[in-house]
Amino acid sequence: MGTWQGEIHGTWQGDRGHGTWQGDRGHGTWQGDRIAFGADYNPEQWPEQTWATDVELMRRAGVNLVSVGIFSWALLEPTPGRYEFGWLDRVLALLHDGGIDVDLATATASPPPWLAHRHPGTLPRRADQTVLWPGARQAYCPSSPVFRQHSLALVEAVATRYTDHPAVVMWHVGNELGCHNAHCYCDVSAEAFRGWLLARYGDLDSLNDAWGTAFWSQRYHDWAEINPPRTAPTFVNPTQQLDFARFSSDEHRAQLRAERSVLDRLVRQPVTTNFMIGTGSKYLDYHSWADDVDLVANDHYLTAADPESHVGLALAADQTRGVARGAPWLLMEHSTSAVNWQPRNLAKAPGQLRRNSLAHLARGADGILFFQWRASLAGAEKFHSAMLPHAGPETKVFREVCRLGADLRALAEVRGSRVDAEVAILFDWEAWWGAELDAHPSVDVDYGDRLRACYDALWRAGVTADVVHPSTDLAGYRLVLVPTLYLVRDADAEALHRYVERGGTTLVTYFSGIVDEHDHVRPGGYPGAFRDLLGVRTEEFFPLAVGERVNLDDGGTADVWTELLHPLGAEVLAGYADGPLPGVPAITRHQLGDGAAWYVGTRLDRAATTRLLTRLLTDAGVRPAADAPPGVEVVRRRRDEQSWLFVVNHTDEAATLAGTGTELLTGHPCTGELTVAPGEVAVLREHP
């Protein structure tokens, strides 16, 4: 099918890849002839005679895309400036001959030992100045110019060599940028932080105002006096902490953009990197990164301790789609079974691999990839599951992998379609950082708590939501949920106000609208930016003690938080029956223009949250994608007049629901009731 000729500047002679990229940066779709299916492939961990077997088994499973070279820097560049590409040449040729496309990594994910040995200043430091040494991965300071120089030289060499290789259909920058080195507090980072602050504020007076340095005699008179928020005697300036979080996210984004810049000069294929949305990755603002990739890709792993981890999966997928602004995205990594890095790594039950994968597909993924293809024999991830387990192909996992490959071939027509959603949930990484800073009213306020609580209620109601940035245009949504949006910009608060005035319905939960982008409290009473929207004013917070609960006069119960709230035009729907504030309103509704704004000033329990969301959905005219039994997930994808209904049965019993169309996975007509077996998935092509 072609031969590779030459050394570092060689060219490929033969036919091309299997798909083309269409669209602007960050907003296009992959228009191939199939849904992407595969995994990270690390052939360098195996004898070369294993590679042909790998390709044969990949073809048997239906694999059509693998990510190659992610952790190969030490092999590709064994000493500074000396490159060895022979093994990668042979791997790419073998994959191409097998009809398998490649997402080729820039290989910068983890520097080789020689870099730290020759340049120890590239190593990252914690806030207490502890050095993080090589021996794991990502042992580098993201602000280090030495790391940047060496990493970009590698990108240049790899991209120059493989720019026209027909196996390469996509480029993969780094890997999970900032996963283990989100913050570095070294002197190099300190200097970079000062430069970032100068660009942001322009002068010290503006910085001092933003940081509120009149407090505790912190006023700066020289840029050199400013450092990262290193370990200090007590609480560090909160705006300094917030800006350092912004700076740190931007430094990792700068690495992405620098590698992207080299690739843009040399290659024609789309460029991506794998985000970590929904995996507890707090300190990377992926909304700001979205325009730096040609398609959004995400890694997602279940939390084994969560008995409803499939709901967390759905939330992560909807967040990823929100970052992608509704466009299809790529699931770059998830697991076939157990992972290796949780305290107790639970294996997936039979059928769960397929169910998890198709749930991601239902919520907008146009590709399903795993970590990794073949389970490693050595290293920290040797007990992480793979498509091909240690026990080989005659296993539960590999049989399920092959079944999933067949499913994805049958579902190829779904690619490029988008997910239907009438509800939006506002989510902002900066609000997360701000909400969980120290010296706050209660350590029990968790930014993700109300997000998950609201989302769970929607999931149980069968309603799909877009999880989007507060600056998103809200005009197309019937209902907008605003959980714990502690930090909010004026423009975003005003946009939500206009949305409600024009007929929208919104729900805001406690500890929202409290501060501006500088973490300064909005005076005049809480909830600050949302007072007029909600028609309420809170004069004082009354957090609850550990284990303390309160009853509401509508039968609900709550914990963690109460507040002394006064209605200013809002209707009181429920108040406290006991606790520190008996008789004080807890839930309100404010008619504003043609719409309504609801407020919840306490942490409702699950039953009360469900009742409230049910009422809100009715009030806003939101209906589920289909009537389904509890525990059955139903999501609709649509392209023009054609739509597909995904039905995912997470229960131990058969589920029956009405539907018309054609069941894609079996080809059997479905003109009346559809029955989905326990733990199974059905996909219907609906009649236009």
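## Spaces, a sheet and an aromatic pair

The second largest cavity holds about 70 Å³ of space. This is a predicted model. Five cavities of 30 Å³ or more are counted in it.

What lines the second largest cavity? The lining consists of Arg-450, Ala-453, Cys-454, Leu-507, Thr-509, Val-600, Thr-602, Leu-604, Thr-609, Leu-612 and Leu-613. Three elements each give two or more residues to this lining: helix α14 (447-460), strand β18 (505-509) and helix α17 (606-620). By class, seven lining residues are nonpolar, three are polar and one is charged.

The second largest pocket holds about 460 Å³ of space. Its lining counts 23 residues. Which of them lie nearest the centre of the pocket? They are Pro-238, Asp-438, Ala-439, His-440 and Asp-519. The lining includes 15 nonpolar residues, six polar ones and two charged ones.

The table sets out the two spaces.

| Space | Volume | Nonpolar lining residues | Polar lining residues | Charged lining residues |
|---|---|---|---|---|
| Second largest cavity | about 70 Å³ | seven | three | one |
| Second largest pocket | about 460 Å³ | 15 | six | two |

Next comes the sheet. Nine strands form an open sheet with parallel pairing. Their order is β9-β8-β7-β6-β5-β13-β12-β11-β10. Which strands sit at the edges? Strands β9 (271-272) and β10 (274-275) do, and each pairs on one side only. Strands of a sheet pair through backbone hydrogen bonds.

One pairing within the sheet can be followed by residue. Strand β11 (residues 297-299) runs parallel to strand β12 (residues 329-333), and three bridges join them. Asn-298 stands opposite Leu-331 in β12.

A helix also meets the sheet strands. Helix α12 (residues 396-410) lies across β5 (36-41) and β13 (365-370). Helix α12 runs at about 140° to β5.

Last come the aromatic rings. The structure holds 32 aromatic pairs. One of them joins Phe-193 and Trp-196. Why does this pair count as stacked? The ring centres are 6.4 Å apart and the planes meet at 25°, so the pair is stacked; the cut-off for stacking is under 30 degrees. Both residues belong to helix α6 (residues 187-201). Phe-193 and Trp-196 are separated by about one helical turn, because they are three residues apart in that helix.

Definitions and conventions: Residues numbered from 1 in each chain as written. Predicted model: local features only at pLDDT ≥ 70, side-chain atom pairs only at ≥ 80, totals over all residues. Heavy atoms only, no water. Pairing = 2+ DSSP bridges. Helix = DSSP H or I, 4+ residues; strand = E, 2+ residues; numbered from the N terminus. Contact = heavy atoms within 4.5 Å. Axes fitted to C-alpha atoms, helices over the stretch in contact; angles between N-to-C directions. 1 Å grid on protein atoms, 1.4 Å probe; cavity = no way out; pocket = protein on both sides within 12 Å on 5 of 7 lines; lining within 4 Å. Points joined across faces, edges and corners; volume = space filled by probe spheres on them. Nonpolar A, V, L, I, M, F, W, Y, C, P; charged D, E, K, R; others polar. Phe/Tyr/Trp six-rings, centres within 6.5 Å; stacked < 30°, edge-to-face > 60°.
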